[in-house]
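Here is a short briefing for a first look at this structure. Start with the sequence and the 3D view.

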Amino acid sequence: DQKFKVVVVGGGPGGLSVSSTISNLLGKNQVAVIEPANHHYYQPLWTYVGGGLKNFSESVKPMGDVMPTNAEWIQDKVTEFDPENNTVKLADGQTVGYDYLVVAAGIQVNWDGVKGLKEALGKDGVTSNYDADSVQKTYKFIQEFKGGNALFTFPNTPLKCPGAPTKITFLAEEAFRLNGVRDKTNVIYNTSAGKIFGVDHYGRVLQQLANERNINVNFQHELVEINADNHQATFRNNANQELKSFEYDFIHVAPPQGAPKFIKESRLADAAGFVDVNKDTLRHNKYKNVFALGDCSNLPTSKTAAAITGESGVLKKNLIADIQGKKIEQAVYDGYTSCPLIVGRDQLILAEFSGYTGKPLETFPVDQRKISKVSQYLNKEVIPSIYWNFLLKGTWTGPSTVRSIFDPVRPKRDE
Ligand code: FAD
């Protein structure tokens, strides 16, 4: 059995952004990353893949290529945490010890949460951008669509990138127009939520746009079953518990998601099953040598890679101070997150806000609620290279510096 100064669970953007910096600081044999997967996915690209604007191959790299060279990659799953004894247990039965633990294992997609979904997915017009296989079917199904009902769903659970279900709705609606089938199509967005987007500052603009584009938005509609044989999707109206079936010719499902089982069953979890950390410092509320970031944490902001930029900077400052035995004033995370709301091939509303206050935290000195072609270019062509070359290497901790440069010239607004 092995022991490391720092053990990082998960090789997504959360785990790699932290392990890169810490392993460069400490040198070889000090930091281990436990990660079972052969591939690392840049999931934010999947909306573009589903919309036919990017190739899937651009969203994936072999895990070995993105692992920090100074970190030890243990290719296995963590099955149990034992924070009282500073160890984790692996699927192969071994235990790995640590002085400090960083948990970044992502959110679990619960395909079983919708009856019939797993069997139907990827066939006959049923798709989801939330899966590495089915995302490769989305654009094909959009292109094959000849009219009828196009359905889009939003789950009744926490989810990664809460903007993603609407983005594919707008991209598909535009594709139906370009393909000349829009006038024989009902575009129906059924969401479990009570609003199209959680932050009203942007949500109002998005709802307005949905109205203009004749997208029918139904609130409190939770997908509970897909019957692939007769092309019916059944929704429960969570306001009155009534069930209602919609016939579909195309359906994009944003599946129910939740805390990974092995975290939920551990001592690290809060009541909902996510890793219970202090929302300012990202340190575990009970075990002071444990930290978490990203989708598996209970940080009350929206779960995005953008949030991880800010989270990782704060976590690393606090962890490095611990490792070096320095007493510092703890670095504090402000809840920064971003939802690049793609609303067309060349159209994006760059929502940036604090998930803690619901207030905009915009980088650029313009009204970012306005549809922007430049923002679309930034998100589609520039941010992916920032992700691969800087976030994963630990050197990008978010746009707060850029934001403060623009602060003096930012127009003051009432909202
Ligand atoms: P992940 O990236 O999910 O990585 C978790 C890692 O942990 C995985 O590699 C997994 O294999 C590993 N793991 C799991 N279980 C174990 C275990 N038991 N032991 C060890 N390792 C384990 N974000 C944005 O910022 N902007 C966007 O526009 C955007 N769009 C999105 C669109 C879609 C369709 C999707 C699906 C996501 C989108 N996101 C977006 C969200 C973003 O991808 C996630 O928030 C981000 O990947 C979270 O990073 P993470 O490191 O927390 O988790």
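The points below cover the ligand, the shell around it and one residue in a strand.

This is a predicted model: local features need pLDDT of at least 70, side-chain atom pairs count only at pLDDT 80 or more, and totals for chains, interfaces and linings use all residues. Residues are numbered from 1 along each chain as its sequence is written, and side-chain values use heavy atoms, with hydrogens and water left out.

**Shell around the ligand**
- The ligand has 33 residues around it, each with a heavy atom within 4 Å of it.
- Gly14, Glu35, Asp295, Ala305 and Ala306 come nearest.
- By class, 17 are nonpolar, ten polar and six charged. Asp, Glu, Lys and Arg count as charged; Ala, Val, Leu, Ile, Met, Phe, Trp, Tyr, Cys and Pro as nonpolar; the others, Gly among them, as polar.
- Domain 1 (2-108 + 259-323) and domain 2 (120-257) each give at least three residues. The domain bounds come from an automatic or database domain assignment.

**Polar atoms and cover**
- An oxygen atom of the ligand is 2.9 Å from a side-chain N or O atom of Asp295.
- A ligand nitrogen atom is 3.0 Å from a polar backbone atom of Val78.
- The protein buries 90% of the 1,000 Å² that the ligand exposes when taken alone (Shrake-Rupley method, 1.4 Å probe).

**Thr191**
- Thr191 is in strand β12 (residues 185-191); strands are DSSP runs (E, at least two residues), numbered from the N terminus.
- Thr191 is buried, at 1% relative accessible area (buried means under 20%, with a 1.4 Å probe and protein chains only).

Methods. Polar contact = N/O pair within 3.5 Å; in protein donor to acceptor, adjacent residues only side chain to side chain. Helix = DSSP H or I, 4+ residues; strand = E, 2+ residues; numbered from the N terminus. Buried < 20%, exposed > 50% of the residue type's maximum accessible area, 1.4 Å probe, protein only.
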